[in-house]
Amino acid sequence: MAAAGGDAVSPDGRSYLSQPLTSEIYTADPSGHVFDGKLYIYASHDIDAGIPDDDLGNQYAMRDYRILRMDRPGGPVTVGPVALDVKDVPWASQQMWAPDAAYKDGTYYLYFPARDKTKDKNGVGAFRIGVATSKSPMGPFVPEPNYIEGSFSIDPSVFTDDDGTSYMYFGGIWGGQLQRWNNGVYDPQGSDTDLMQDDQPAISGKVARLSPDMKSFAEPVRDALIVDEAGNPVLGGDHDRRFFEAAWVFKRDGKYYFTYSTGDTHYLNYAIGDSPYGPFTYKGHILEPVQGWTSHHSIVEWNGKWYLLYHDTQLSGKNHLRNVKMTELTFNPDGTIPTISPFTN
C-alpha cells in the first residue's frame with residue numbers, strides 16, 4: 001500500500017507490515033467502502049487537544065471528519081475537506097468518534113457517535129449515534145437535527161445484506177458507555193469500565209435493522225451474541241475473546257462475519273454466524289496487537305481481493321494520534337482467517 005512517512009522500524013526494533021496511507025492528518029478507526037470502483041475511507045480525525053490519557057477516552061477529542069479516497073490499490077490517497085464538524089450537529093457536544101457510511105438511492109449516509117449535551121458523574125454527555133447525508137461520498141454531510149432514536153454508545157457500523165436490508169451494529173464498553181445501558185436505561189452514575197462480572201456472559205455489541213429511510217431503527221435493539229464452539233456465551237472475564245468495541249460485519253460465501261476489537265488485550269477478532277443477528281461463533285484473531293492502545297478496523301472487498309484497514313501509532317508514538325494502514329486479507333479454504341501480524345519480524 002501507499003507509504004507516507006514515519007520511521008520504518010518501531011521503537012522496539014520491529015519492521016512494520018504496512019505504512020500509513022497518509023501523513024497529512026492523523027486518522028484512525030477506518031471504515032472502508034467501495035463506491036463506483038473507488039475506495040472511500042471514513043475515519044476518525046485525530047487531533048492533539050492536550051488531554052492526558054485516561055480510561056474514559058477524553059484524550060480522543062476529535063471534532064470533525066475528513067474522508068480519504070483511493071482510486072486504485074496502492075495508489076495515492078486524497079484527503080478530503082471537512083465533511084462534518086461537531087459544531088454543526090445540533091444535539092452533539094463533543095468527541096466525534098469512529099464513523100461509518102452507507103449508500104442508497106443516490107444518497108450517501110454518514111453515521112457517527114458523539115456525546116450529547118447531558119452531564120454524567122464525570123461532567124460529560126452520553127454517547128448517541130447520529131446520521132448525516134450528502135449527494136457526494138466525500139461530503140459535505142448535512143446532519144439530522146437529532147440523534148437516531150433508540151441509539152446509544154459508539155462505533156456505528158452499517159452492513160447491507162444481499163436483499164438490500166441494512167443493519168447497524170454498534171457499542172463499546174469502558175468509555176463507550178455500553179455497560180451503563182445494561183438494564184435498557186442509561187445510568188449516568190454507572191461504571192466507567194465494565195460490569196465487573198467476569199463469570200457472567202460478556203456484554204454484547206448491539207444490532208438493529210435500519211428503516212428504509214436509513215435514518216432510524218426499524219425494530220428494538222438486539223444483542224449480537226458471541227458464543228464459543230459449544231454454543232455458550234463468551235464470559236466477561238475472557239478478555240482475549242469478549243467484545244469491547246469496533247463491530248464490523250461482512251458477508252462471504254453465505255456466512256456473516258462479526259469482527260470486533262477486544263480493547264484492553266488489543267486483538268481484532270472474528271466470529272461467524274448464519275444470520276445477521278447471530279449468534280456468532282468465535283473463531284480467532286484477525287490481527288495481533290498493533291503499536292498503540294486502540295485497535296479498530298474494517299474489512300472490504302475491492303477489485304477481487306479482500307483488505308484489512310486498521311490503524312496504529314507509527315507516525316506519532318501517541319495513543320490518541322493514529323494513522324490508518326491497509327493490508328491484504330486472505331481466507332483459508334474453510335473460510336477461517338489466517339492471523340495477521342502488524343510487524344514483519
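Is Phe-35 buried or exposed in terms of relative accessibility? Phe-35 counts as buried, because its relative accessibility is 10%, where buried denotes under 20% relative accessible area, exposed over 50%, and partly exposed the range in between (1.4 Å probe, protein chains only). The model is a predicted one, in which local features need pLDDT of at least 70 and side-chain atom pairs count only at pLDDT 80 or more, whereas totals for chains, interfaces and linings use all residues. Residues are numbered from 1 along each chain as its sequence is written, and side-chain values use heavy atoms, with hydrogens and water left out.

Aromatic contacts were examined next. Rings of Phe, Tyr and Trp (its six-membered ring) were taken to pair if their centres lie within 6.5 Å, with planes under 30 degrees apart counted as stacked, over 60 as edge-to-face and the rest as tilted. By this rule there are 32 aromatic pairs. One of them joins Phe-35 and Tyr-40 in a tilted arrangement, with 5.9 Å from centre to centre and 40 degrees between the planes. Tyr-40 is likewise assigned as buried, because its relative accessibility is 7%. The pair of Tyr-257 and Tyr-270 is stacked, because the ring centres are 6.2 Å apart and the planes lie at 15 degrees. This pair links distant parts of the chain, with Tyr-257 in strand 15 (residues 255-261) and Tyr-270 in strand 16 (residues 268-273), 13 residues apart. Tyr-257 counts as buried at 2% relative accessibility, and Tyr-270 counts as buried at 2%. One aromatic cluster is formed by Phe-152, Phe-170, Trp-181, Tyr-186 and Phe-217.

Charged groups also lie over aromatic rings; the criterion is that NZ of Lys or CZ of Arg is within 6 Å of the ring centre and within 35 degrees of the ring normal. Arg-14 is placed over the face of Phe-343, 3.7 Å from the ring centre. The charged end of Arg-222 is positioned over the ring of Tyr-277, at 3.6 Å from its centre.

Strands are DSSP runs (E, at least two residues) numbered from the N terminus, and two strands pair if DSSP finds at least two bridges between them. An open sheet of four strands follows the order 5-6-7-8 with antiparallel pairing. Its edges are strand 5 and strand 8 (142-143), each of which pairs on one side only. Strand 5 (residues 100-104) and strand 6 (residues 107-115) run antiparallel and are joined by five bridges. Within this pairing, Ala-102 stands opposite Tyr-109, and Lys-104 has Thr-107 as its bridge partner. The hairpin of strand 5 and strand 6 has two residues between the strands, and Asp-105 adopts a positive phi near 50 degrees there.

Internal cavities were identified on a 1 Å grid over the protein atoms alone, as sets of points where a 1.4 Å probe fits but cannot get out, with lining residues having an atom within 4 Å of a point. Grid points were joined across faces, edges and corners, and a volume is the space filled by probe spheres set on the points. Four cavities of 30 Å³ or more result. The largest cavity has a volume of about 120 Å³. It is lined by 13 residues, of which Asp-194, Leu-195, Ala-202, Ile-203 and Gly-236 are the closest to its centre. The second largest cavity encloses about 70 Å³, and its lining includes Pro-201, Ala-202, Ile-203, Arg-242 and Phe-243.

Conventions. On a 1 Å grid over the protein atoms alone, a cavity is a set of points where a 1.4 Å probe fits but cannot get out, and a pocket is an open set with protein on both sides within 12 Å along at least five of seven lines; lining residues have an atom within 4 Å of a point.
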